[in-house]
Amino acid sequence: MMNKYLTWVEVNLAAIRHNFRVLRRLAGKWKILTVIKADAYGHGMLPVAKVLVKEKVDFIGLSNLTEGIALRKAGIKTPVLLFETTLAEQAKDIVDYCLTPTVCTYELASELNRYAQKRKRAVPAGRQVVDIHVKVDTGMRRLGVWHEEALGFIRKLSRLRNLRIQGICTHFPSADTDRGFTQKQIQQISTLVGQLKRSGLNIPYVHAANSMGLAALAGYKARVLNLARPGLMLYGLYPHRQLKRKITLRPAMSVHSKIIFLKRIEKGRSISYGRTFIAPRPMTVATLPIGYGDGYLRGLSGKADVLVGGQRCPVLGRVTMDQIVVDVSKVRNPRLGMLVVILGRQGKEEVCAYELAQLAHTINYEIVCSLGGRLPRVYKKS
């Protein structure tokens with residue numbers, strides 16, 4: 001199977017299952033909504049969804065309508081929350097595909113209500129009520145109704161008879177760095193929930209905690225929350241390095257390639273665009289069929305290592321669209337077709353997403369999302 005490709009992503013579904021069970025224990029009595037948007041962070045939305053369905057996940061979180069329709073057409077029936085709010089013109093598809101939208105405009109809510117009523121009249125067995133979650137802005141400043149205005153907004157939505165407000169949510173922009181700000185956000189949501197209850201509105205789910213929020217909430221007074229929505233940790237990646245001390249996750253993604261060309265170069269020879277690397281000594285170099293077109297970021301030029309024969313081998317010069325050149329001078333008997341690890345472990349050495357993210361001045365989210373794009377994926381079940 002491996003010989004079919006020159007460069008590929010390997011996804012270990014057993015690691016996904018292990019990580020989900022860790023998250024279940026971490027969430028305790030809370031329901032859990034696993035985030036598989038952006039093609040499951042590059043790991044493959046449908047294979048990951050199938051693992052989660054077998055694990056009886058409560059909800060699945062996606063970004064938008066396109067992802068939601070794809071999952072429904074693949075036969076996944078688990079409740080799906082769309083994080084990204086949308087325009088009223090997409091109300092029909094949201095209802096028809098039994099998706100749960102995030103709402104923060106009355107225009108969308110009104111159209112959902114209108115179409116649900118129309119569908120109910122046209123199809124006696126049609127969907128009776130559309131579940132929605134209302135986004136409340138307590139500090140992210142991206143989507144959502146201002147928390148000061150949320151009470152009136154939710155009361156107004158509650159009068160739309162074909163909608164059910166299943167949840168309210170907010171987002172923590174700095175759960176790992178600003179304890180005071182996060183606690184203030186929790187207090188604002190708690191106040192809102194109390195006001196709603198006194199108005200006779202009991203919302204089943206209140207959620208705010210992504211991976212970092214879930215891991216950090218032990219130190220917060222967050223009794224109002226009852227639904228966790230982890231994403232990054234499902235894939236075995238840590239939103240903060242210190243979490244490795246208390247949570248054991250297994251990285252699900254590794255990236256592999258093969259040497260397609262070898263040559264000896266003399267001292268003083270340059271490599272790749274811009275001649276940014278000049279050989280300081282005679283070297284043996286290998287060309288690998290992966291580049292920024294495959295998601296191997298150009299920011300890794302001259303900084304990252306790959307693993308060949310259990311040895312760290314530096315990337316030389318600039319990353320090009322389809323290839324990189326690496327120094328294999330220390331590798332014993334390098335040869336064409338030799339296996340290379342771009343991301344993952346080989347022998348005693350490991351190149352992890354966090355390392356690549358640090359080198360490229362980005363985050364581990366971007367590393368796996370990028371590498372999981374164009375490259376073919378191979379799935380392991382154990």
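## A walk through the model

Start by selecting S110, which sits in helix α6, residues 106–122. Keep in mind that this is a predicted model. Is S110 buried or exposed, or something in between? With a relative accessibility of 29%, S110 counts as partly exposed. Now add V224 and draw a line between the two C-alpha atoms: S110 and V224 are 114 residues apart along the chain, and the C-alpha separation is 28 Å.

**Stop two: a helix pair**

Next, select helix α1 (residues 13–27) together with α3, which spans 45–54. A pair of packed helices is described by the angle between the axes and the distance between them. Here the axes of α1 and α3 are 10 Å apart, and the packing angle is about 45 degrees. That makes α1 oblique to α3, since an angle has to be under 35 degrees to count as roughly parallel and at least 65 to count as roughly perpendicular. Show side chains to see who makes the contact: α1 brings L13, I16, R17 and F20, while α3 brings P47, V48, V51 and L52. As for handedness, α1 passes α3 in a right-handed crossing.

**Stop three: helix α4 and its ends**

Keep α3 on screen and add helix α4, residues 65–73. Which of its residues are buried? Colour L65, E67, G68, I69, L71 and R72. The cover over these buried residues includes α3, along with α2, β3 (59–62), β4 (80–82) and α5 (91–96).

Now zoom in on the N-terminal end of α4, where N64 acts as the cap. One of the side-chain oxygens of N64 lies 3.3 Å from the backbone nitrogen of T66. Then slide along to what follows α4: G75 has a positive phi, near 95 degrees.

**Stop four: two positive phi values outside glycine**

Most residues other than glycine have a negative phi, so the next two selections are worth a click. Pick A40 in helix α2; its phi is positive, near 55 degrees. Then pick R275, in the loop between β13 (270–271) and β14 (277–278), where phi is also positive, near 50 degrees. Which of the two is buried and which is exposed? A40 is buried, at a relative accessible area of 0%, whereas R275 is exposed, at 52%.

**Stop five: one face of α11**

Select helix α11, residues 364–371, and highlight its buried residues: N364, I367, V368 and L371. Turn the view so that you look down the axis of α11: these buried residues fall within an arc of 85 degrees, so they line one face of the helix. What covers them? Bring up β1 (7–12), α2 (37–41), β11, β19 (339–346) and α10 (353–360), which are among the covering elements.

**Last stop: S257**

From that cover, pick out strand β11, which runs over residues 253–258 and holds S257. S257 is buried, with a relative accessible area of 0%. Which residues does S257 touch, leaving aside those up to four places away in sequence? They are L6, T7, W8, L288, P289, M338, L339, V340 and I342. Finish with a distance label: the side chain of S257 reaches the backbone oxygen of L6 at 3.3 Å.

Notes: Residues are numbered from 1 along each chain as its sequence is written. This is a predicted model: local features need pLDDT of at least 70, side-chain atom pairs count only at pLDDT 80 or more; totals for chains, interfaces and linings use all residues. Side-chain values use heavy atoms; hydrogens and water are left out. Helices (H or I, at least four residues) and strands (E, at least two) are DSSP runs, numbered from the N terminus. Buried means under 20% relative accessible area, exposed over 50%, partly exposed in between (1.4 Å probe, protein chains only). A polar contact is a pair of N or O atoms within 3.5 Å; within protein, one must be able to donate a hydrogen and the other to accept it, and residues adjacent in sequence count only if both atoms are side-chain atoms. Contact means heavy atoms within 4.5 Å. The arc is that of the directions from the helix axis to the C-beta atoms. Axes are lines fitted to C-alpha atoms, for helices over the stretch in contact, and angles run from 0 to 180 degrees between N-to-C directions. Angles under 35 degrees count as roughly parallel, over 145 as roughly antiparallel, 65 to 115 as roughly perpendicular and the rest as oblique. A crossing is left-handed if the near helix is turned anticlockwise from the far one by less than a right angle, and right-handed if clockwise.
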